[in-house]
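Let's take a walk through this fold together. Have the model open and turn it as you read.

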Amino acid sequence: MLDDRLPHHPVSTTQQSFADLGLSPDILESIKAVGFEHPTPIQAAVIPAALEKRDLIALAQTGSGKTAAFVIPLVEKLRHGGGVRALIVSPTREIALQTQAFIELFGKNHDLTAACLIGGVKMKPQLDALRAKPDIIVATPGRLLDHIERKTVKVDAVEELVLDEADHMLDLGFLPQVRKIVARLPRDRRTMMFSATMGGAIEDLARTLVRDPIRIDITPKGRTAVGIQHRLYIVSPENKRPALIALLHQELGTTLVFARRKVDAEWLYHILERQGHPVTRIHSDRSQGRRVEALDDFRAGSHRILVATDIAGRGIDVPGIEHVINFDIPESVDDYVHRAGRTARADREGIVSTIATWENLMMVREIEKSIGQELPRCTVPGVEPWVEGKREAAKVRRRL
Ligand code: AMP
């Protein structure tokens, strides 16, 4: 039985045992108490490598078990006392809070404590947590830098740095803060970097941060999960909203709706609420408390529909989402993959419906190229489909 403080996702695990990975009885006991029986592939690959104390770069998706993959070797190594010796930088508040919960559960037998420094909440509780001399800090970049600059946190004893979801962190524009934070850390430390994608800016960052790293890549060959049914609804711009409403009536399961901008997420939420749908929303203009509340309501099932923007939506760790609807087409193929990854977790099945207009057809082709299949063109009752004709194709080509 998994501990209630962790999200309950069915994950694919290996046949290996945690005991084979070189962990001590203390930590094996806490893993057992949490309820993990076998390591996931990323855990089986990362934990032994991380125990060797070498720098490490791992390609891993959210939902692969990556959080425990870095938390377990950290808590294996550390004992309580002696100041902040490990720092985990997370892209979002939700991911940071979840990581803190992992540390407290797995690090219980070493009496380890973690402070979580995230934006959008009051300073006072964080200052209290820092005064209690935590062993590990989990933080989002902005708030952490704020604390470092006010000298409310000391990072000169940090031996272990983890950059979680590095690609996501760069997407959110955190690169300058990350560089400033790293500049304050001792050079003689170990760095572990996790990212769902590699290349370009991530590789550049990696070159400056890690030394002679072990590289771990266990990303599955197809870039989206096997159990996903992709569907594409091409409509005229004024029919996007009717298409969404019709889809919400057609598929009655737990549904996550992605809008590109905060204002659109807010606007969609109000329309759906007025129509009587059990809906909540999450975006970065909402306070931390409201975001946590919205996620809890969605997770508990009191709201069947959650409207989210990409930034807020990436950290969503809710099992059993049956339907992801892209009300706005994602801005990049990576965003499509991330959004789609919220459904069909582990061996479950899910639907990803994308509502698009002819102006989005170039992005549709990009997505199709990346996932290696054509998105099936679908229609929904009461909404006239837009037929992909020669004129539209010519317009698209002209834009190229
Ligand atoms: P993450 O990729 O870290 O977000 O983890 C995804 C989910 O998998 C979380 O709900 C974890 O609680 C769960 N999980 C991670 N590792 C295991 C494991 N070895 N056995 C069972 N569940 C796990």
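What follows goes from the overall chain to its sheets and then to some helix packing.

First, some housekeeping: this is a predicted model, where local features need pLDDT of at least 70 and side-chain atom pairs count only at pLDDT 80 or more, while totals for chains, interfaces and linings use all residues. Residues are numbered from 1 along each chain as its sequence is written, and side-chain values use heavy atoms, with hydrogens and water left out.

The protein chain carries 16 helices and 13 strands; both are DSSP runs numbered from the N terminus, helices being H or I over at least four residues and strands E over at least two. Its C-alpha trace spans about 65 × 45 × 40 Å along the principal axes. For 400 residues, a compact globule would have a radius of gyration near 21 Å, and the 22 Å of the protein chain agrees with that (taken over C-alpha atoms, with the globule rule being 2.2 Å times the number of residues to the power 0.38).

Now for the sheets. Strands of a sheet pair through backbone hydrogen bonds, either parallel or antiparallel; here, two strands pair if DSSP finds at least two bridges between them. One open sheet has 7 strands in the order β3-β4-β2-β5-β6-β1-β7, with parallel pairing. β3 (114-117) and β7 (214-217) are at the edges with a single partner strand each, so one side of each has no neighbour in the sheet. From one strand to the next, the twist averages 15 degrees (axes are lines fitted to C-alpha atoms, for helices over the stretch in contact, and angles run from 0 to 180 degrees between N-to-C directions). To see one pairing up close, look at β2 (residues 86-89) and β4 (residues 136-139), which run parallel over 4 bridges; A86 has I136 of β4 as its bridge partner.

The other sheet to look at is open too, with 6 strands in the order β8-β13-β12-β9-β11-β10 and parallel pairing. β8 (228-234) and β10 (279-282) are its edge strands, each pairing on one side only. Neighbouring strands are turned by 20 degrees against each other on average, direction ignored. Within this sheet, β9 (residues 255-258) and β12 (residues 323-326) pair in the parallel sense over 4 bridges, and F258 is matched with N326 in β12. Helix α11 (residues 262-274) lies across β9, β10 and β11 (305-308), at about 170 degrees to β10.

On to helix packing. The axes of α2 (residues 41-51) and α3 (residues 66-77) come within 9 Å and cross at roughly 25 degrees. That makes the two helices roughly parallel, since angles under 35 degrees count as roughly parallel, over 145 as roughly antiparallel, 65 to 115 as roughly perpendicular and the rest as oblique. The α2/α3 crossing is right-handed (the near helix is turned clockwise from the far one by less than a right angle; anticlockwise would be left-handed). In the contact (heavy atoms within 4.5 Å), α2 brings I42, Q43, V46, I47, A50 and L51, and α3 brings K66, A68, A69, I72, P73 and E76.

α3 also meets α4 (residues 93-106): their axes come within 10 Å and cross at roughly 40 degrees. The pair is therefore oblique, and its crossing is right-handed. Here T67, A68, F70, V71, I72 and V75 of α3 face T99, F102, I103 and F106 of α4.
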